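Good morning, everyone, and thank you for making room for me today. I would like to walk slowly through one structure, stopping at a few places where I think a question helps.

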Amino acid sequence: MAHVVVDPITRIEGHLRIETEVEGGTVRDAWSSSTMFRGVEIILKGRDPRDAWVFTQRICGVCTTVHAITSIRAVEHAIGANPPPNARLLRNLIIGAQCVQDHVIHFYHLHALDWVDIVSALSADPAKTASLAQSISDWPISGRAYFTDVRARLKDFVAGGRLGPFANAYWGHPAYKLPPEANLMAVGHYLQALDFQRQFIRMHAILGGKNPHLQSFLVGGMATPVDADSQNALNMGTIAELSKLVASARDFVTRVYMPDVLAIAAFYKDWAGIGAGVGNYLSYGEYPEDDNPNPNMYLPGGTILNRDLGKVAPVEPDKISEYVKHSWYDYKGGDDKPLPPFKGETSPNYTGPKPPYERLHLDRKYSWVKSPRYEDHPMEVGPLARMLVAYAYGRPSRVKELVDNTLKALGVGPQALFSTLGRTAARAIESQVIAEKMQDWVAALAESMARRDYRICDNSKFDPSTWPEECWGSGFHEAPRGSLGHWVHIRNGEIVNYQCVVPTTWNAGPRDAHGKRGPYEEALVGTPIAKPDQPLEILRTVHSFDPCLACAVH
Amino acid sequence: MRLKESAVRAKLTAKGREDSWPAGWAELGVSRRSFLKFCASMAAILSMPPAVAAKLAESIEKAEKPTLVWLEFQDCAGNTESFLRASRPTVAQIILDKISVNYHETIMAAAGQQAEDALAKTVKNHAGKYIAAVEGSIPTGADGAYCAIGGKSALQVAREVCGNAAATIAIGTCAAFGGLPAASPNPTGAVAVGDAVPGLKTLINLPACPANAENITALLVYYMTMKQWPPLDQYRRPLFAYGKLIHDNCERRAHFDAGQYVENWGDDGHRHGYCLYKMGCKGPVTFQNCPVIRWNEGTNWPIGCGHPCVGCAEPNFWDKMTPFYRHLENIPGFAVGTDVDKVGLGLTAAVGATFAAHGVIEIARRKLGHGPDQGEEGRKGE
Amino acid sequence: MSAALAASLPGSKRIRVYVWELPVRIAHWLIFFSIMVLAATGFYIGHPFISVSGMARDHFVMGTVKVVHFYAAIVFTLAVLSRLWWMLMGNRYARWSQFIPVSAARWRDLRETAKFYVFARRDPPPTVGHSALAGAFYAVIYGICLVMIGTGLAMYSPMAPLGSPMRWFSFLIPIFGGLPTARLIHHIGMWLLLAFMVHHVYSAILYSAVQRTGTVESMVSGNKFVEPEALAEEGDD
Ligand code: HEM
Ligand code: HEM
Ligand code: NFV
Ligand code: SF4
Ligand code: SF4
Ligand code: F3S
Ligand SMILES: [Mg+2]
């Protein structure tokens with residue numbers, strides 16, 4: 001029995017530490033810990049609720065919109081503000097752009113090197129690489145000359161002896177299965193994706209002033225004026241630019257990202273049977289399509305328990321609660337009982353080993369992440385959960401189509417979705433669904449302009465003197481990594497309590513008071529390990545969740 | 001100017017020069033012409049005369065790859081993401097051709113022990129020569145347990161890595177000034193890099209939340225070109241990026257001076273680019289070059305899109321610039337968002353009322369003729 | 001003015017004393033008028049209540065208000081500084097020792113004056129210059145004036161023209177805790193001065209009425225009419 005510790009887990013956001021027991025080439029048990037705490041929930045107390053989004057946004061600079069959106073939704077819910085339709089459209093566009101851009105970065109820059117061996121790419125034949133690339137997609141930048149260039153560049157880089165961020169990795173590890181040509185193609189797309197994400201995210205700058213940390217949100221609406229006849233507002237020129245950017249995203253996702261995922265997955269089909277995890281899935285639903293208090297969602301919300309796609313149930317937020325039995329916090333009423341977010345407490349109390357340390361106290365408290373539970377079930381959240389819920393409901397039909405196409409292309413059944421590979425595929429499918437859908441919101445925004453509907457904010461509720469003396473609100477959102485909720489309690493215009501239950505809190509949380517593992521921990525159990533001192537396989541499964549620990553702890 | 005252009009043309013045609021054109025740039029599709037254009041725009045960001053552009057081009061080509069390690073502590077990775085949006089040069093160009101980034105948790109391939117080894121090797125083999133970039137604040141509470149990496153506290157890592165660096169760049173407001181984690185009540189005792197590792201030889205603060213990618217690259221290019229670090233202001237921020245107020249470069253300034261303000265979100269003024277001062281804009285108290293270089297390849301910036309500046313590049317902005325939708329910060333001891341003028345008017349009225357009452361009593365007691373008369377006695381006693 | 005002089009004026013119960021020299025009076029009224037202008041313009045800067053429509057180029061409301069504020073600030077600063085200078089150069093009633101109660105007698109006077117204000121004695125102790133209480137208050141006021149100047153200069157330094165020596169005052173910015181806090185302090189200072197003024201005008205009138213030394217007029221003419229014994233006592237300290 002070997003105790004394998006991976007700290008830091010790299011190519012993620014934040015500070016994640018994984019400890020495992022490995023025996024006979026397989027992970028027998030696993031512990032997920034985050035080792036960084038800031039205390040945003042504490043910092044928010046006593047502040048102006050209209051400012052909260054700016055604070056919570058800084059929980060994460062990767063999913064840089066999601067805490068802002070969720071915060072304004074929570075405060076709007078509390079004070080009874082009604083954002084106008086334009087605000088909904090602008091938000092949907094921002095959320096959609098975040099989703100696609102984040103997924104592309106995750107796949108190419110954070111996840112791909114788990115599957116792609118850069119060193120092997122050096123021995124690829126550029127001509128064969130070109131024909132491979134052309135056989136899977138009609139993407140124009142896939143000629144022989146291009147891949148010759150990429151390989152030459154890589155050679156120079158390696159010959160220079162300064163491997164920089166690619167030094168010391170697991171190149172040549174037996175778990176790498178791609179032929180050299182597929183590796184070279186992926187390296188080329190790694191570089192192209194860097195350019196794509198940079199150019200596409202200009203969409204956030206247009207709608208939010210800048211990225212990361214857009215700055216156009218408001219409690220009650222958006223700060224981006226809309227006026228077809230003004231040069232200082234979103235106008236038809238902007239509509240044209242947005243359309244172009246959306247088209248570029250659709251292009252990149254359908255012609256590069258999706259084909260790459262399928263191509264790589266074809267070589268790693270065994271990973272469709274690894275890393276399943278807890279088998280319970282949660283999605284709040286996202287992309288409101290109307291302005292009712294309970295709007296219809298383009299991606300529906302729901303819960304699935306025990307991988308039973310036949311039984312998908314609506315979400316009941318009252319069933320959510322958080323344990324701190326194995327997290328470095330105290331609950332006034334004792335650590336054995338969970339607290340619902342409206343009654344949530346954040347009182348840090350570190351009881352772990354004093355740094356520098358070798359081992360955490362795994363039998364006691366061992367993480368800054370709390371353990372959220374839904375009716376006491378650990379739930380997996382994220383693109384896979386969203387796609388499963390949509391697939392189970394059969395809407396939107398595009399999800400069903402793409403999931404079925406993917407399963408068919410790989411020659412596997414729906415059970416394959418519950419896996420490390422399933423997560424990675426679901427992320428690509430979602431990217432495509434949303435990249436396609438965004439054009440509708442651009443069109444709706446243009447229609448709104450044509451009707452001269454320039455409302456962007458519910459100004460009637462911006463002044464705190466119009467609010468109830470005391471109120472409570474909750475905001476829900478589907479962030480790239482999954483279900484995000486904020487809960488706020490306001491009294492006399494000030495925040496009394498603020499609680500965030502974040503996607504990676506769900507996924508990366510430690511065991512609860514009943515000893516039930518969190519989703520990362522559960523997914524790691526059973527993962528094969530070829531070389532315990534080169535834990536590539538651990539990275540694969542953990543990365544498939546797209547961890548964000550700054551989010552998880554906040 | 002004309003002279004310089006001809007010099008550039010001469011360079012372009014001189015065979016010898018073409019030979020030294022770095023291979024990596026050509027592969028990436030960077031033509032010599034676009035490279036020179038990049039140098040010119042870089043010179044502009046750095047507020048150097050355009051004449052320097054040619055020299056800039058030369059020194060970047062010749063520059064040896066400096067080594068950089070990028071540490072993340074109590075951060076949100078926003079500055080890393082910002083860095084990924086760099087366009088002149090792009091992050092691919094930087095990492096593959098310009099700088100050897102030996103450690104950066106968010107992008108590096110190695111993990112765990114292998115990652116830590118890469119860092120240790122750099123600190124040892126390049127001691128006193130590498131650049132340390134730091135993102136995020138450093139907690140001093142709980143014996144360092146609020147941020148640990150590989151079992152070591154952030155404080156320990158920072159001391160080892162920054163202490164042996166040729167220079168430390170604190171990227172983002174968290175690293176530069178403590179930022180969000182240090183916002184009141186600072187639950188983790190978070191401090192800026194400069195406070196966590198006092199006495200650093202060369203420390204440059206590059207605040208903003210996050211720092212603008214173009215300022216990060218401009219700083220690196222400045223160093224590689226001039227072989228020295230730029231002049232700094234009193235908060236150790238480079239003057240080329242933080243030498244002027246937002247307000248003094250803002251495109252809405254004409255409306256400020258005229259007296260034309262946005263009064264409500266989406267009103268006529270808002271739709272026509274009026275000044276955001278009354279909505280709480282902190283441009284008048286914030287130093288940064290946002291209005292000049294803007295964000296995301298010059299696409300836009302916060303005020304450009306219609307939202308007030310929140311002052312994200314200033315020390316303690318989370319406490320000093322809040323509430324964000326008022327132009328003055330909270331008054332200590334008063335409820336959030338209390339209006340200074342209401343308090344001031346109240347105080348003045350209270351003083352007025354007190355002395356009006358005093359006057360009435362004074363008149364009354366003189367009219368009635370009683371009241372203690374210690375005047376004489378008091379004086380006699382002296 | 002000395003006890004000897006007072007004694008040499010036979011027959012008249014009250015004697016005319018030249019207390020406020022011209023620099024004191026000029027400084028006082030310049031301070032008063034500049035504060036009125038600074039407060040009005042400053043209030044507008046903090047709360048631009050006038051909004052104009054049309055083209056921006058046709059208006060310069062805030063611009064003008066700021067210019068007026070800055071000119072008034074020059075007057076104000078020079079008046080305050082010259083008054084502080086006169087604390088070293090002026091007559092005994094202008095001296096710094098009138099403001100900071102250092103002697104036992106001044107402390108006693110301060111206490112007794114305070115008693116008068118709370119109706120614990122009928123008349124205020126006779127004084128020629130400022131009572132010790134008033135003097136201490138003025139010291140605080142001059143302190144606030146200096147803070148206004150300091151915060152004003154801190155805010156002005158980054159907007160001063162390139163090469164202007166005013167840029168040098170940016171060293172004040174961290175001293176006041178950064179520009180936003182300097183602004184808040186500056187704004188609060190305005191209200192403290194206005195609130196003081198209300199009390200101050202009342203007290204001047206009150207003293208004119210109860211002491212009959214011509215307090216209010218004294219800030220115009222420079223002269224007060226005091227009882228000889230008050231003058232005699234002054235000579236003691
Ligand atoms: C008693 C004297 C003064 C009063 C009552 C006064 C009042 C004010 C007020 C209320 C503001 C607006 C603050 C805000 O809410 O933003 C202001 C702004 C300002 N004051 Fe004064 N002030 C005085 C003296 C000075 C002096 C001596 C200076 C020296 C230069 C000065 C320079 C400024 C500057 C630079 C601003 C900011 C203008 C801007 O940012 O556009 N003030 N003043
Ligand atoms: C904001 C407005 C004002 C300020 C800041 C102010 C300040 C001062 C100060 C600092 C002194 C002490 C003079 C010195 O020795 O330097 C003083 C004295 C005096 N002021 Fe004012 N003043 C103001 C308005 C007025 C007004 C409106 C009047 C008219 C009624 C007035 C009447 C006097 C008189 C009569 C004295 C002499 C009082 C004494 O004997 O102690 N002041 N004032
Ligand atoms: N977990 C997480 Fe986030 C996301 N997506 C958000 O709520 O990454 Ni930073
Ligand atoms: S300065 Fe802002 S963007 Fe940078 S790490 Fe801190 S919170 Fe994130
Ligand atoms: S929008 Fe802000 S920075 Fe621009 S002029 Fe107005 S107050 Fe100044
Ligand atoms: S909020 Fe920050 S990004 Fe620029 S406009 Fe203001 S300094
Ligand atoms: Mg929480």
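Let me start with a question: how are the donor residues of the magnesium ion, ligand 7, spaced in sequence? The spacing reads E-x458-C-x53-H, and please keep in mind throughout that what we have on the screen is a predicted model. The protein donors behind that pattern are A:E41 through OE, A:C500 through its O atom and A:H554 through NE2, and they lie 2.1 to 2.3 Å from the magnesium ion. Because A:E41 sits in helix α1 of chain A, residues 40-43, while A:H554 belongs to the segment after α17 of chain A, this pair ties together parts that are 513 residues apart in sequence. A:E41 and A:H554 are both buried.

From there I would like to move to ligand 3, which has its own metal atoms to look at. Which protein atoms are the donors of the nickel atom of ligand 3? They are the SG atoms of A:C60, A:C63, A:C548 and A:C551, and they lie 2.2 to 2.7 Å from the nickel atom. Written along the sequence, these donor residues are spaced C-x2-C-x484-C-x2-C. A:C63 has a further part to play, for it bridges the nickel atom and the iron atom of ligand 3, and those two atoms lie 2.8 Å apart. A:C60 is found in the loop between α2 (52-57) and α3 (66-79) of chain A, whereas A:C551 is in helix α17, residues 549-553, so here the pair ties together parts that are 491 residues apart in sequence. Are these two residues buried or exposed? A:C60 counts as buried because its relative accessibility is 0%, and A:C551 counts as buried because its relative accessibility is 2%.

If we look at the wider surroundings of ligand 3, we find 13 residues, and A:T504 is listed among the closest together with the four cysteines I have just named. By class, this shell divides into 10 nonpolar, two polar and one charged residues, and α3 and α14 (503-508) of chain A each supply at least two residues to it. The nitrogen atoms of ligand 3 deserve a careful look as well: an N or O atom in the side chain of A:T504 is 2.6 Å from one nitrogen atom, a backbone N or O atom of A:R481 lies 2.9 Å from a nitrogen atom of the ligand, and for A:P480 a backbone N or O atom lies 3.4 Å from a nitrogen atom.

Let us now turn to chain C and ligand 2. Which residues come closest to this ligand? Of the 18 residues that surround ligand 2, the closest are C:H28, C:R83, C:H130, C:Y142 and C:H200. An N or O atom in the side chain of C:R83 is 2.5 Å from an oxygen atom of ligand 2, and polar side-chain atoms of C:H130 and C:Y138 lie 2.6 Å and 3.2 Å from an oxygen atom of the ligand. The elements that give two or more residues to this shell are α2 (22-46), α5 (132-156), α7 (179-211) and α8 (215-221) of chain C, and by class the shell has 12 nonpolar, four polar and two charged residues.

Next comes the largest cavity, which holds about 250 Å³ of space. Its lining is made of 18 residues, and those nearest its centre are A:F166, A:Y190, A:L191, A:L194 and B:L96. By class, 16 of the lining residues are nonpolar, one is polar and one is charged.

I will finish with some backbone details. Most residues other than glycine have a negative phi, and most peptide bonds are trans. Against that background, the peptide bond from A:R395 to A:P396 is cis, with omega near 0°, and the bond from B:T322 to B:P323 is cis too, again with omega near 0°. A:D546, in the loop between α16 (536-544) and α17 of chain A, has a positive phi near 60°, and with a relative accessible area of 2% this residue is buried. B:A208, which is not a glycine either, has a positive phi of about 120°, and its place is in the loop between β9 (203-206) and α12 (213-226) of chain B.

Technical notes: Residues are numbered from 1 along each chain as its sequence is written. Chains are lettered from A and ligands numbered from 1 in the order in which they are written. This is a predicted model: local features need pLDDT of at least 70, side-chain atom pairs count only at pLDDT 80 or more; totals for chains, interfaces and linings use all residues. Side-chain values use heavy atoms; hydrogens and water are left out. A residue is near a molecule or strand if one of its heavy atoms lies within 4 Å of it. A polar contact is a pair of N or O atoms within 3.5 Å; within protein, one must be able to donate a hydrogen and the other to accept it, and residues adjacent in sequence count only if both atoms are side-chain atoms. Helices (H or I, at least four residues) and strands (E, at least two) are DSSP runs, numbered from the N terminus. Ala, Val, Leu, Ile, Met, Phe, Trp, Tyr, Cys and Pro count as nonpolar, Asp, Glu, Lys and Arg as charged, and the others, Gly among them, as polar. Donors are N, O and S atoms within 2.8 Å of the metal (3.2 Å for Na, K and Ca); water is not among the atoms, so sites may look incomplete. Buried means under 20% relative accessible area, exposed over 50%, partly exposed in between (1.4 Å probe, protein chains only). On a 1 Å grid over the protein atoms alone, a cavity is a set of points where a 1.4 Å probe fits but cannot get out, and a pocket is an open set with protein on both sides within 12 Å along at least five of seven lines; lining residues have an atom within 4 Å of a point. Grid points are joined across faces, edges and corners, and a volume is the space filled by probe spheres set on the points.
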